[in-house]
Amino acid sequence: MNAYIFPGQGAQFSGMGLDLYENTPLAQELFEQANEILGFNITDIMFEGTAEALKETKVTQPAIFLHSVILAKTLGDRFKPDMVAGHSLGEFSALVANGTLTFEDGLKLVSQRALAMQKACELQPSTMAAVLGLDDAIVEKICESTQGIVVAANYNCPGQLVISGEIEAINNACETLKAEGARRALVLPVGGAFHSPLMEPAREELAAAIKNTTFSKPNCPIYQNVTANAVTNADDIKTNLVSQLTAPVRWTQSVEQMITDGATLFTEVGPGKVLQGLVKKINRASETVSASFEKQ
């Protein structure tokens, strides 16, 4: 069974999507449509912008979404998922790919989500840190015993967990984690504490936007970050998408469940190969490939 997986924030690079735009009329049409929907030329930033310009949350999220979704659409008949999943933001790309959301609605929601998250970041300075080489249970325990807000945010693969929270709490937790034997506990260059209680203002804003958006019955199950299980009910998908902002991304558990449910090939659709690397660390026997378009 073929599982299609869609990357999240951090996969962006300068020049992303340009090959699609230059070689496929469908991609060109969708990128132009995206510029109109967003009200600014995101293509200029994607194709020619600096790494710094691309790092801004309100740009990064729609840019990665567009690269992933437009690539999936250019695959045509070759795009035949039995199941889909996306890492954080990638969940929205996955929902367009499996027919739950239209391209236009998906892009609008991603844009609203990005702006809401940026606002939440500005309300309270916060950050995230990558922890390598410790069991999840030890990391969770240290988060719980650290003063202030600090939580497990991204279960990326065994021995790689990202924590999220207030700056001081993150710094203190990192010191304790190193003392406990973490190979690394490194503060990340991100705008704020994604997938933590500090995203509550953004969660409320996104909930209102999702409530007013049509979600269709998907063509295949999506394995959502919050539950790490197959979901096909539109109302459940909505609920999980809203919860995702303040809840952890259970990527390790999602991939394990997809394998249990029959996934034999994982095809990454979008910029980079981050998810393929994580899948291999979760299950070395899994086959992984990158989706590639054909010139039209």
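Helices, in this presentation, are DSSP runs of H or I, at least four residues long, numbered from the N terminus. With that term in place, I turn to the charged pairs of this predicted model.

The structure contains five salt bridges. I shall discuss three of them, including two placed within helices.

Let me begin with helix α9, which covers residues 167–179. There, Glu 175 and Lys 178 join their side chains in a salt bridge, with 3.9 Å from N to O. How far apart are Glu 175 and Lys 178 in helix α9? They are three residues apart, and therefore about one helical turn separates them. As for accessibility, Lys 178 is partly exposed, because its relative accessibility is 42%.

Next, please look at helix α10, residues 200–211. Glu 200 and Arg 203 both belong to this helix, and they too stand three residues apart, about one turn. Their side chains form a salt bridge at 3.0 Å, N to O. Are these residues buried or exposed, or something in between? Glu 200 has a relative accessible area of 27%, so it is partly exposed. Arg 203, at 26% relative accessibility, is likewise counted as partly exposed.

The third pair is Lys 55 with Glu 52. Their side chains meet in a salt bridge of 3.8 Å, again N to O. Which class does each partner fall into? Lys 55 shows 40% relative accessibility and is therefore partly exposed. Glu 52 reaches 56%, and because exposed means over 50%, Glu 52 counts as exposed.

Thank you for your attention.

Definitions and conventions:
Residues are numbered from 1 along each chain as its sequence is written. This is a predicted model: local features need pLDDT of at least 70, side-chain atom pairs count only at pLDDT 80 or more; totals for chains, interfaces and linings use all residues. Side-chain values use heavy atoms; hydrogens and water are left out. A salt bridge is a side-chain nitrogen of Lys or Arg within 4 Å of a carboxyl oxygen of Asp or Glu. Buried means under 20% relative accessible area, exposed over 50%, partly exposed in between (1.4 Å probe, protein chains only).
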